[in-house]
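User: Could you walk me through reading how helices pack against each other in a model, and then how to look at a pocket?

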Amino acid sequence: MLIRVGHERSLQMDLMLAGWMSFIAGALNAVGFLIAGSFTANMTGNISMFVEHLADRDTILALSFAGLVLTFIIGATFAALVIQTGEARGVRSIYGWVTAMEAAILIALGAAFLIGPAWAEETHLVIVLSFVMGLQNAMTTMISKARVRTTHASGMATDLGIEIAALMGRGQDRSDTMAKFKLHSLTLFSFALGGLGGVFGYLWVSNWLFVISGAMLVFIALPTLLLRD
């Protein structure tokens, strides 16, 4: 799932990637909003909040939302640089390593909050999660050549609408359209399901949710990491 890139990937690989990663992204996004009132995967919303608070002359709060967008971009930039470096050196497992980095960050975040409650501040949480979401979205976008975007629900909803319209048309080859329809539908469903699971999971296990999310990413990355480059 994390070895083949672009057109080498099968629909099944993309479906697995979208399902797993969108679920985790939805959970983390929902928990970020539950705790801090900020979405860490929704940069459209954060930019809108930045403009709104700036218009209200609440500069500090406006800059905090701008900071989340910047952190998301930094996470995406970091992932892209690591992947580009790995691909240049012929490291076939580089996407697995980036996924493992995301796992390590989440496990460290959960451990810090569990061991030292003083760390458990809203600012620390949303900054780290925004970085993680940027990292994940860059990884899934690059490995699938933009077919899979696990934190970009608005884009997936738009693409799903386009594919529905295409399926309603006549005289077209529907196999490719149906494949895209399945992929976009699964992405949105998994993101929503992850959000629901994230909220109830956090209410049940609290900060252990970040450790569990990290462990899920380790499970996803491990088969790739065990392969020899």
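Analyst: Sure. Keep in mind that this is a predicted model. Let's begin with H2 and H3: an angle over 145 degrees counts as roughly antiparallel, and these two helices are therefore roughly antiparallel to each other. Their axes cross at roughly 155° and come within 7 Å. H2 covers residues 43-55, and H3 covers residues 59-88.

User: What is the handedness of the crossing of H2 and H3?

Analyst: That crossing is left-handed.

User: Now H3 and H5. At what angle do they pack, and how far apart are their axes?

Analyst: The angle is about 40°, and the axes are 7 Å apart. That makes H3 oblique to H5. As for handedness, H3 passes H5 in a right-handed crossing.

User: And how does H1 sit against H5: roughly parallel or roughly antiparallel?

Analyst: Take the angle again: H1 and H5 pack at about 165°, with axes 10 Å apart. That makes H1 roughly antiparallel to H5. Their crossing is left-handed.

User: H5 keeps turning up. How do I compare its span with what's expected?

Analyst: You set the distance from the first C-alpha to the last against the rise expected at 1.5 Å a residue. H5 runs over residues 122-144, 23 residues in total, and reaches 33 Å, close to the 33 Å expected.

User: Which residue follows H5, and what about its phi?

Analyst: Lys 145 comes next, and its phi is positive, near 55°.

User: On to the pocket. What is the volume of the largest one, and how many residues line it?

Analyst: The volume is about 270 Å³, and 16 residues make up the lining. Asp 14, Arg 147, Asp 176, Lys 180 and Leu 183 lie nearest the centre.

User: Which elements give two or more residues to that lining?

Analyst: Helices H1 (11-36), H6 (153-168) and H7 (174-205) do. The largest share, 5 residues, comes from H7.

User: Last one: how does the lining break down by class?

Analyst: Sort the lining residues by side-chain class and count each group. In the largest pocket you get 8 charged, 6 nonpolar and 2 polar residues.

Conventions
Residues are numbered from 1 along each chain as its sequence is written. This is a predicted model: local features need pLDDT of at least 70, side-chain atom pairs count only at pLDDT 80 or more; totals for chains, interfaces and linings use all residues. Side-chain values use heavy atoms; hydrogens and water are left out. Helices (H or I, at least four residues) and strands (E, at least two) are DSSP runs, numbered from the N terminus. The expected span of a helix is 1.5 Å times one less than its number of residues. On a 1 Å grid over the protein atoms alone, a cavity is a set of points where a 1.4 Å probe fits but cannot get out, and a pocket is an open set with protein on both sides within 12 Å along at least five of seven lines; lining residues have an atom within 4 Å of a point. Grid points are joined across faces, edges and corners, and a volume is the space filled by probe spheres set on the points. Ala, Val, Leu, Ile, Met, Phe, Trp, Tyr, Cys and Pro count as nonpolar, Asp, Glu, Lys and Arg as charged, and the others, Gly among them, as polar. Axes are lines fitted to C-alpha atoms, for helices over the stretch in contact, and angles run from 0 to 180 degrees between N-to-C directions. Angles under 35 degrees count as roughly parallel, over 145 as roughly antiparallel, 65 to 115 as roughly perpendicular and the rest as oblique. A crossing is left-handed if the near helix is turned anticlockwise from the far one by less than a right angle, and right-handed if clockwise.
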